[in-house]
Amino acid sequence: FVFLQSGIDTVIFTSDKKFESKYGIHFYDYGCISPDHKCIIDYNKYVFYHLTKTYGKKWIKEIRKDVIGLKEWRKN
């Protein structure tokens, strides 16, 4: 899973299913209530490293830009 946080209504894009199918990862949107933000960032970073190790960097252009921790991970 890759964790997201939106608002009261979850946001689903048509490209989500394609990404999930292609990379074997599923998006999970917590909505407006989520666990500790730091824990989500740390977990998602682990998933980002897995994706990079498995698929190279091509997934970065295809993943949703609102995934928690993605901006921070890309800076490093």
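This section describes the aromatic pairs, salt bridges and surface patch of a predicted model.

Aromatic contacts come first. A pair of aromatic rings is described by the distance of the centres and the angle of the planes. The structure contains twelve aromatic pairs. One of them joins Tyr49 and Trp73 in an edge-to-face arrangement. Their ring centres lie 5.6 Å apart, and the planes meet at 75 degrees. This pair links distant parts of the chain. Tyr49 belongs to helix H2 (residues 37-55), whereas Trp73 belongs to helix H3 (residues 70-75). The two residues are 24 positions apart. Trp73 has a relative accessibility of 11% and therefore counts as buried, because the buried class covers values under 20%.

Ring pairs also build a cluster. Its members are Phe1, Phe3, Tyr28, Tyr30 and Tyr43. Phe1, Tyr28 and Tyr43 also make a nonpolar surface patch. The area of this patch is about 310 Å². Tyr43 is located in helix H2. With a relative accessible area of 33%, Tyr43 is partly exposed.

Charged side chains form a further set of contacts. Side chains of opposite charge can pair when their charged atoms come close. The count of salt bridges is five. Asp16 and Arg64 form one of these, with an N to O distance of 3.0 Å. Asp16 lies in helix H1, and Arg64 lies in the loop between H2 and H3. The pair therefore ties together parts that are 48 residues apart in sequence. Both Asp16 and Arg64 are buried.

A salt bridge also connects Lys22 with Glu62. The closest N and O atoms of Lys22 and Glu62 are 3.2 Å apart. Lys22 is placed in helix H1, and Glu62 in the loop between H2 and H3. Parts that are 40 residues apart in sequence are thus tied together by this pair. Lys22 is partly exposed, at 40% relative accessibility. Glu62 is also partly exposed, at 32%.

Lys38 and Asp42 supply another salt bridge, in which the closest N and O atoms are 2.9 Å apart. Lys38 and Asp42 are four residues apart in helix H2, so about one helical turn separates them. Asp42 has a relative accessibility of 37% and counts as partly exposed. Elsewhere, salt bridges with shared partners join Asp16, Arg64 and Asp66 into one network.

Arg64 has a further contact, with an aromatic ring. The charged end of Arg64 sits over the ring of Phe27, at 5.7 Å from the ring centre. Arg64 thus pairs with Asp16 in a salt bridge and also places its charged end over Phe27.

Phe27 is, in addition, among the contacts of Glu20. Leaving aside residues up to four places away in sequence, Glu20 touches Ile25, His26 and Phe27. Glu20 lies in helix H1 (residues 14-23). Its relative accessibility is 10%, so Glu20 counts as buried.

Conventions
Residues numbered from 1 in each chain as written. Predicted model: local features only at pLDDT ≥ 70, side-chain atom pairs only at ≥ 80, totals over all residues. Heavy atoms only, no water. Phe/Tyr/Trp six-rings, centres within 6.5 Å; stacked < 30°, edge-to-face > 60°. Buried < 20%, exposed > 50% of the residue type's maximum accessible area, 1.4 Å probe, protein only. Lys NZ or Arg CZ within 6 Å of the ring centre and 35° of its normal. Contact = heavy atoms within 4.5 Å. Patch = residues over 30% accessible without salt bridge, like charges linked within 9 Å, V, L, I, M, F, W, Y side chains within 5 Å. Areas by Shrake-Rupley, 256 points an atom, 1.4 Å probe, with all protein chains shown as cover. Salt bridge = Lys/Arg side-chain N within 4 Å of Asp/Glu carboxyl O.
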